[in-house]
Amino acid sequence: MPKLIIDNREVTVPEGTNVLEAAQALDIVIPHFCYHEALGAVGSCRLCAMNFLEGPVEGLQMACMIKAEDGMVVSTVDEEAVELRSHVIEWAMTNHPHDCPVCDEGGECQLQDMTVAGGHSRRRFHGPKQTYINQELGPFIQQEKNRCITCYRCIRTYRDYCGGTDFGTFGSRNRICFGRFQDGRLESPFSGNLVDACPTGVFTNKVFRFKSRVWDLQEAPSICPHCSLGCSTIPGGRYRELQRVKPGINRETNGFFICDRGRFGYDHVNHPERPRQARLDGQQATVDAALTAAAQRVRQMVEQHGPDSVAFVGSARTSLEAGALLAEWAKRTGSPHLLFETHRERDRAARILVDRLGDRACSLAELQQSDLLLLIGTDLIAEGPMAALAVRQAVRAGAQVVVIDPRPIDLPCSCTHLPVGPERLPVFLDTLVTRKTEALTDAERNPLQALLEQLDAAKTPALLGGADLLGSRGISRLLDAAVALDNNERPVRVVGLLGGANSYGGALLTRSPRDFDTLVDDIQEGAIKALVCLESDPYRECFDPARAQAALGRLELLVSFDCTPNLAAQRADIFLPSRPVAEMAGSFINNEGRLQAFEQVIEPGISIRETSSGDHPPREFSLETPGALPRPAWQMLAQVLDLPGDLPAIRQQIATADERFDALTSLTADETGPRITDPVVLPDTAPDELPQCVPGETLPLLPVQGFAGSDWLAHLSAPLQPLEGEPTIWLHCDLAVRLGLAEQDQARLTTPLGHCHVTVRTSARMADNLVLVPHLWGTALEGLVPGGRHIDCRLEKEVNL
């Protein structure tokens, strides 16, 4: 490793480190704008000048562009370097407006910091400034072009790193500006990262605009709850209101950025219909009274009908601590019915992945190092957006990407796409395992033969699959394929996209070989009489919502712990208000088995903006905080079990009872997190085949995930409402012609669940003879849950009379 001297201090750094990074390792503050750890260095801002006194490079150089080498002697305080930096920062500030008091970037503005560090404190330029007209960039980003210092970070983030195509550089020389060709919403699902990349306040968070100064925010490290990747975030709140989310830094998962769903999907915490009051038999009650009643009634049910009469169901958004205590409650009652996923195929897929993943687990950082990526049965933008961004970084480094999926997959990078029907996915997976191509059609055989050759030649290949479309059998065959494609020189890594933030943790805790569909049978027959739901909505989130709703009406007791206004919370005999991630501490385990902690950001309560009609200070006073009754689910469950109610004690209890979770006792929110890979209890029923969409008299309809509107928590977030759109179906262009339909036509969709009016979208990049319908909460499509078999449907063009 290179050893060099900076300002008479010796430092040793890893190979490939630039001199600016070496100075930062010594806590030497050097002004810089264009350099960013994720984006690299381009030397365009000319602000990190240092004088190289000895070594292979000498003279005044831009430190970010020079790799550290042995024998270098560098000065950051050399008079010539200091003078250049002061001139450069003065030039950058020439056209910058004096609007710091009204700029949302204030308090975390790199321009402010670097101006001081660069030695510039007084304006000498009194001429007219270059000015621009701002663009309207949609609901998320506010632009103030006049603050730009042309560091090019925005374009390098949006286009180069995130793969956006509707944002560019305009002008020349000293008339450069950045934006869209015309006003309109930024199309990239990663557009919010402009806010973090811009060092000056040109691009700010429109949703957060003028709400708070950043130094007034309560912030803490947290984990995004919107998919299974476990991205690090830093939510910020004030006055009992969660006001923004920005990315945390975890180099193994999201790196430095997050997707727009993770950034703007926080508003479920502030939802006006969020249940904050405990209920007992339809009447308001204290939390303590409701907890006591829940414990007593569950105990009475066991005494009268036996332990088999009670079932316990958690969810993928349940923290590991709460899930472990729910498992302890089930154990103490003697109930064999404990699940953490009501969707049959997501449950089975998660358990199979956890049981078999082992050393094949692949972080997003490792995914970026792959040279060949096969995506089969997964839409990364919908199911794990930051995985799509990791795939892009791999492509930028020279990797090849092959996608086998019936959907018109949009990735932020180039790829080879084979749009095959869902019924062909098991054939492709079997071919990867056996290398026998007899079952392939002539059109499929050549591409798959070429793919097998690519996989054999690849040095760091990775397979990515989604639980929704592949199901349990598909995930199992994906893992079989990884084993079959191994060679002596390298293993094949696997990334499985699961249903939620703690799907992996729930699979580890599941003790029943049964799935929720078999529990529904028992509920229907009267064998199960009581159901305890922990942040779960079996009415609408299961494999077959209509069947589940009919059966759940036969329950004698329904207990629900939740923080969202779902059907289980509304229909519960006993309801306990819990807290979302931002209002408590806890931990999740992501899809690669990485145990990650999150900390509490704010206390629960109805925001001052609502309780005082926007006035501040408030005009109403009370000894109690409005809406402050919700408690962490793990705290309420600890009370039911007569355990200590503090988190360290609960984590110690969990680690003592299950050695797999030993790391919990020392886990902190500022670490990347250890991996947990252990066998789990697998479902004892034979998994179904993959969706068999065979065309007949009716069309096969396949519900799929969408980027916005398919995630329950994101659906409850007001900032994301503009992205949800209207009920839509996707057809192949040829199928649309045969049906007499065209792009943007209105059609009537008929399924066994009823009728729905939808907008037609067409694509030549999807499988033919198939209707795709993105799941959309709050519409007639919410009953079409992704992850199941196809549904027969009919399509008729609507005629306006």
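Let's start with a cysteine. Cys 793 has 1% relative accessibility, so Cys 793 counts as buried. One caution before going on: this is a predicted model.

Staying with cysteines, what does a disulfide search of the whole structure find? It finds zero disulfides. Take Cys 224. The nearest cysteine sulfur belongs to Cys 227, and that sulfur is 6.0 Å away. A disulfide needs the two sulfur atoms within 2.5 Å. So Cys 224 is in no disulfide. Cys 224 is also buried, at 8% relative accessible area.

Next, the rings. A pair of aromatic rings is described by two things, the distance of the centres and the angle of the planes. The structure holds eight aromatic pairs. One of them is Tyr 158 with Phe 167, at 5.2 Å centre to centre and 45° between the planes. Is that stacked, edge-to-face or tilted? Stacked needs planes under 30 degrees apart, and edge-to-face needs over 60. At 45° the pair is neither, so it counts as tilted. Both partners are buried: Tyr 158 has a relative accessible area of 1%, and Phe 167 is at 1% as well. Phe 203 comes in too. Ring pairs link Tyr 158, Phe 167 and Phe 203 into a cluster.

Rings also meet charges here. The charged end of Arg 244 sits over the ring of Phe 208, 5.2 Å from the ring centre. Then there is Arg 344, which lies over the face of Phe 543. The distance to that ring centre is 3.9 Å.

On to the sheet. Strands of a sheet pair through backbone hydrogen bonds, either parallel or antiparallel. This sheet is open and has seven strands, with mixed pairing. The order runs β15-β14-β25-β24-β23-β16-β17. Which strands stand at the edges? They are β15, residues 283–284, and β17, residues 337–339. Each has a single partner strand, so one side of each is left without a neighbour in the sheet. Look at one pairing further in. Strand β14, residues 279–280, runs antiparallel to β25, residues 574–577, and two bridges join them. Leu 280 has Ile 574 of β25 as its bridge partner.

Last stop, a loop. Glu 423 is found between β20, at 416–418, and α13, at 425–434. Is Glu 423 buried, exposed or partly exposed? Its relative accessible area is 25%, so Glu 423 is partly exposed. Glu 583 is 160 residues from Glu 423 along the chain. Their C-alpha atoms are separated by 44 Å.

How values were computed. Residues are numbered from 1 along each chain as its sequence is written. This is a predicted model: local features need pLDDT of at least 70, side-chain atom pairs count only at pLDDT 80 or more; totals for chains, interfaces and linings use all residues. Side-chain values use heavy atoms; hydrogens and water are left out. Rings of Phe, Tyr and Trp (its six-membered ring) pair if their centres lie within 6.5 Å; planes under 30 degrees apart count as stacked, over 60 as edge-to-face and the rest as tilted. Buried means under 20% relative accessible area, exposed over 50%, partly exposed in between (1.4 Å probe, protein chains only). A charge sits over a ring if NZ of Lys or CZ of Arg is within 6 Å of the ring centre and within 35 degrees of the ring normal. Two strands pair if DSSP finds at least two bridges between them. Helices (H or I, at least four residues) and strands (E, at least two) are DSSP runs, numbered from the N terminus.
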